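The exercises below are meant for a reader who is meeting this structure for the first time. Try each task before reading the worked solution that follows.

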Amino acid sequence: MASPEKAAALARMKLLATGLLVAVTVLFVFARREGLPWLAAFAEAAMIGALADWFAVVALFRRPLGLPIPHTAILPRNKARLADNLAVFIRDKFLDTQSLVSRLRAANPAERIAAWLQDERNARLLADRLAVVAVQSLDFMDDRRVRRLVLHALRRRAGDLDLAGTVGRVLNLLTEDRRHQGLLDDGLSKLADWLGQPGVQQGFAGMIVDVANKEYPKIVAMLGLVGINPAELGEKVANGIVTGVNGLLAEVANDPNHPRRAAFDEVIHRYIERLQHDEGFRARIEQAKRDFLAHPGVGTYLQGLWEDLRGWLASDLGKPDSRVRRKIASAASAIGASLATNPALRDSVNEHIEQSVEALAPELREGLSRHIAGTVRAWNDEDLVREIEQSVGRDLQFIRLNGTLVGGLIGLVLYAVTHLIT
């Protein structure tokens, strides 16, 4: 909406232009009465010029004196065409795809983002804004209807998942280039380390003694009679078992062609085959999945998990020294530093932004042009005239002033030329 200052300035200019018209009219009457033909010629031409320019300026916005004169009130009558032309002009001249991409490329958004994120204040500001969004999202998700909808959607998506086929594809991927043997090596190494721990061996020894006491109490009693400590014997047996198992693990780990590796390959491939092609096996897995999802405890567990997560997040985000906010700010600063020091990363970010703009620009252009045209079409005629007139009307009043003075000068020149000829 135009400001009161503009409206006051326009009123002053209208008063000045109209006052000048009245002045030259009075001057014309005075010159004719006093017999001053050169002054009368000036005033007459100035008066005609002022009236003509007044008509032209007024006809642009409304009907002069309210008379239905053709081709007046130009702006209100052509509002629809003006709206369409304005929308097309902005669409074609400012929002064409290549212009947007060129301006975007020149702006180098990745570099600007890097510089912005490296400022600690900006990183904290981003973290604060994201925290606000997170809190609002938590409040939204706390709605019982939303929770029920989300849980239903999760169950439906999980129900649509081909679990057997997915597991089969994952296992098939793991067996490519014998990756699964690397997993086996890692498992063997961790198992050997675990078995080598003194506490584990002591645990085995205790288990052996306990089992012996329960299952073979007479034998244990006889060992005691002959001076053999069952605990020490159990420890030696446990050490022997662990040593034997570690020896077997070392053999498998050091021999790429060990029979146990071949057996492991066979088991994996057999399960992959069954997961992908054994309909009975697949059906049992599918039924187990459905039973699991339908169990009331699953929903209760997910609800409890969500409540715990929500409570922790809400509590943390409400603290001035929130860990989540610090982590977000730290991540933002790290991203900024990476962008600043890695030209390849900046180029990648810029390329993705440009591709996104190229993909969205046509729809954006059409949508924005329709919005502009629809907005202008919906304007009230009086509001449209008032807005435009208060924006450019002051300059148009100068046309009236100039028309008055220029018309008077032309009248004076014509009077002089006429008298020179005659």
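**Exercise 1.** In this predicted model, find the helix that holds both Glu-120 and Arg-124, and describe how their side chains meet.

*Solution.* Begin with the positions: Glu-120 and Arg-124 both belong to helix 7 (residues 120-141), where they are four residues apart, about one turn of the helix. Next, look at the side chains, which form a salt bridge with an N to O distance of 2.9 Å. Since exposed means over 50% relative accessible area, Glu-120 counts as exposed at 53%, whereas Arg-124, at 41%, counts as partly exposed.

**Exercise 2.** Work out which parts of the chain are linked by the salt bridge between Arg-377 and Asp-84, and then do likewise for Arg-105 and Glu-354.

*Solution.* The structure holds five salt bridges, and one of them joins the side chains of Arg-377 and Asp-84 at 2.7 Å, N to O. This pair links distant parts of the chain, with Arg-377 in helix 18 (residues 343-378) and Asp-84 in helix 4 (residues 79-94), 293 residues apart. Arg-377 is partly exposed, with a relative accessible area of 41%, and Asp-84 is partly exposed as well, at 31%.

Turn now to Arg-105 and Glu-354, whose side chains meet in a salt bridge of 3.2 Å, N to O. Arg-105 lies in helix 5 and Glu-354 in helix 18, so this pair ties together parts that are 249 residues apart in sequence. Arg-105 is partly exposed at 46% relative accessibility, but Glu-354, at 14%, is buried.

**Exercise 3.** Is Asp-53 buried or exposed, and how far away is the nearest side chain of opposite charge?

*Solution.* First place Asp-53, which is in helix 2 (residues 37-61). Asp-53 is buried yet has no salt bridge, and the nearest side chain of opposite charge, that of Arg-400, is 7.7 Å away. A salt bridge requires the nitrogen and oxygen to be within 4 Å. Even so, when neighbours within four places in sequence are left aside, Asp-53 is in contact with Ile-399, Arg-400 and Gly-403.

**Exercise 4.** Compare the span of helix 19 with that of a straight helix, and say where the kink is centred.

*Solution.* Helix 19 (residues 381-421) has 41 residues, and at 1.5 Å a residue a straight helix would reach 60 Å. The end C-alpha atoms of helix 19 are only 52 Å apart, which falls short of that value. Finally, look along helix 19 for a bend: there is a kink of about 60°, centred on Gly-393.

Terms used
Residues are numbered from 1 along each chain as its sequence is written. This is a predicted model: local features need pLDDT of at least 70, side-chain atom pairs count only at pLDDT 80 or more; totals for chains, interfaces and linings use all residues. Side-chain values use heavy atoms; hydrogens and water are left out. Helices (H or I, at least four residues) and strands (E, at least two) are DSSP runs, numbered from the N terminus. The expected span of a helix is 1.5 Å times one less than its number of residues. The bend at a residue is the angle between axes fitted to the seven residues ending there and the seven starting there. Buried means under 20% relative accessible area, exposed over 50%, partly exposed in between (1.4 Å probe, protein chains only). Lys and Arg count as positive and Asp and Glu as negative; His and the chain ends are not counted. Contact means heavy atoms within 4.5 Å.
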